[in-house]
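Have the sequence and the model open side by side, and we can walk through them together. Where do the helices meet, and which rings pair up along the way?

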Amino acid sequence: MNNPSDEMYDEISGAYAFFNDQLFGGQLPGCLFTLQRKSHTFGYYSPSRFLRRNGNGKSDELALNPAYFAHRRIEQTLSTLVHEQVHQWQAYFGKPSRSGYHNAEWANKMEAVGLMPSNTGEPGGARHG
């Protein structure tokens with residue numbers, strides 16, 4: 001019998017690696033994945049959230065909310081993962097806006113990786129950033 005934790009984190013890690021390679025040219029440095037049941041949010045990104053155990057630097061956090069996994073299509077959950085990867089890309093290669101906000105650079109990168117930065121997630125919605 002597979003360990004459910006290993007299975008879940010292997011799937012998230014595999015999806016992150018796939019999108020990092022396909023959409024970000026392998027630029028993203030990796031991160032620590034967490035599952036957080038933060039209300040009214042599908043996920044979030046926090047730069048330099050955790051001190052590495054060996055003391056050599058910090059690790060970013062990319063959190064997903066498992067409360068939504070059963071109620072959203074897998075494509076929607078994966079789009080949340082990529083949304084947070086865009087925040088990570090911006091933290092390393094761009095100029096992030098203040099916490100909780102999306103700027104034009106973020107919105108442009110979202111479109112570049114194939115996601116619509118709008119209030120509906122679809123063309124025609126109010127554009128974020």
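What follows is a tour of the helix packing, then the rings, then a few residues in the loops and strands.

Keep in mind that this is a predicted model. A good place to begin is helix α1, which covers residues 4-24, and its meeting with α2. Their axes come within 10 Å of each other and cross at roughly 60°. Angles that fall outside the parallel, antiparallel and perpendicular ranges count as oblique, and perpendicular starts at 65 degrees, so α1 is oblique to α2. The crossing of α1 and α2 is right-handed. If you want to see who does the touching, look on the α1 side for I12, A15, Y16, F19, N20, L23 and F24. On the α2 side, the contact is made by L78, L81, V82, Q85, V86, Q88 and W89.

Now stay on α2 and turn to helix α3, residues 104-112. Here too the axes come within 10 Å, and the crossing angle is roughly 125°. Perpendicular runs from 65 to 115 degrees and antiparallel begins over 145, so α2 and α3 are oblique to each other. This crossing of α2 and α3 is right-handed. From α2, the residues making the contact are H83, V86, H87, W89 and Q90. From α3, they are E105, W106, K109 and M110. Notice that W89 is listed in the contact with α1 and also in the contact with α3.

Just past α3 comes a segment that holds L115. Which residues does L115 touch, once its neighbours within four places in sequence are set aside? The contacts of L115 are S79, V82, H83 and M110. Take S79: L115 and S79 are 36 residues apart in sequence, yet their C-alpha atoms lie 7.4 Å apart in space.

Back to W89, this time for its ring. The structure holds five aromatic pairs. One of them joins W89 and F93, with 6.5 Å from centre to centre and 35° between the planes, which makes the pair tilted. Both residues belong to helix α2, residues 74-93, and sit four residues apart, about one turn of the helix. How buried or exposed are the two partners? W89 has a relative accessible area of 14%, so W89 counts as buried. F93, at 41%, is partly exposed. F93 also pairs with Y92: the ring centres are 6.4 Å apart and the planes meet at 45°, so this pair is tilted as well. Y92 has a relative accessible area of 42% and is therefore partly exposed. Put together, W89, Y92 and F93 form one aromatic cluster.

Other rings have a charge for company. The charged end of R72 sits over the ring of F42, 3.7 Å from the ring centre. Likewise, the charged end of K38 sits over the ring of Y44, at 5.3 Å from its centre.

Next, have a look at the loop between β1 (32-35) and β2 (43-51), where you'll find H40. Most residues other than glycine have a negative phi. H40, however, has a positive phi of about 60° although it is not a glycine. H40 has a relative accessible area of 76%, so H40 is exposed. T41 lies in the loop between β1 and β2 too, but T41 is buried, with a relative accessible area of 18%. Leaving out residues up to four places away in sequence, T41 touches N65 and Y68.

Strand β2 has a positive phi of its own to show you. S48 is placed in that strand, and its phi is about 50° although S48 is not a glycine. S48 is at 41% relative accessibility, so S48 counts as partly exposed. F50 lies in strand β2 as well. With a relative accessible area of 30%, F50 is partly exposed. Apart from residues up to four places away in sequence, F50 touches L32, T34, G57, K58, S59 and E61. To tie this back to the helix where we started, compare F50 with Y16: the two are 34 residues apart along the chain, and their C-alpha atoms are separated by 18 Å.

Terms used. Residues numbered from 1 in each chain as written. Predicted model: local features only at pLDDT ≥ 70, side-chain atom pairs only at ≥ 80, totals over all residues. Heavy atoms only, no water. Phe/Tyr/Trp six-rings, centres within 6.5 Å; stacked < 30°, edge-to-face > 60°. Helix = DSSP H or I, 4+ residues; strand = E, 2+ residues; numbered from the N terminus. Buried < 20%, exposed > 50% of the residue type's maximum accessible area, 1.4 Å probe, protein only. Lys NZ or Arg CZ within 6 Å of the ring centre and 35° of its normal. Axes fitted to C-alpha atoms, helices over the stretch in contact; angles between N-to-C directions. Parallel < 35°, antiparallel > 145°, perpendicular 65-115°, else oblique. Left-handed = near helix turned anticlockwise from the far one by under 90°. Contact = heavy atoms within 4.5 Å.
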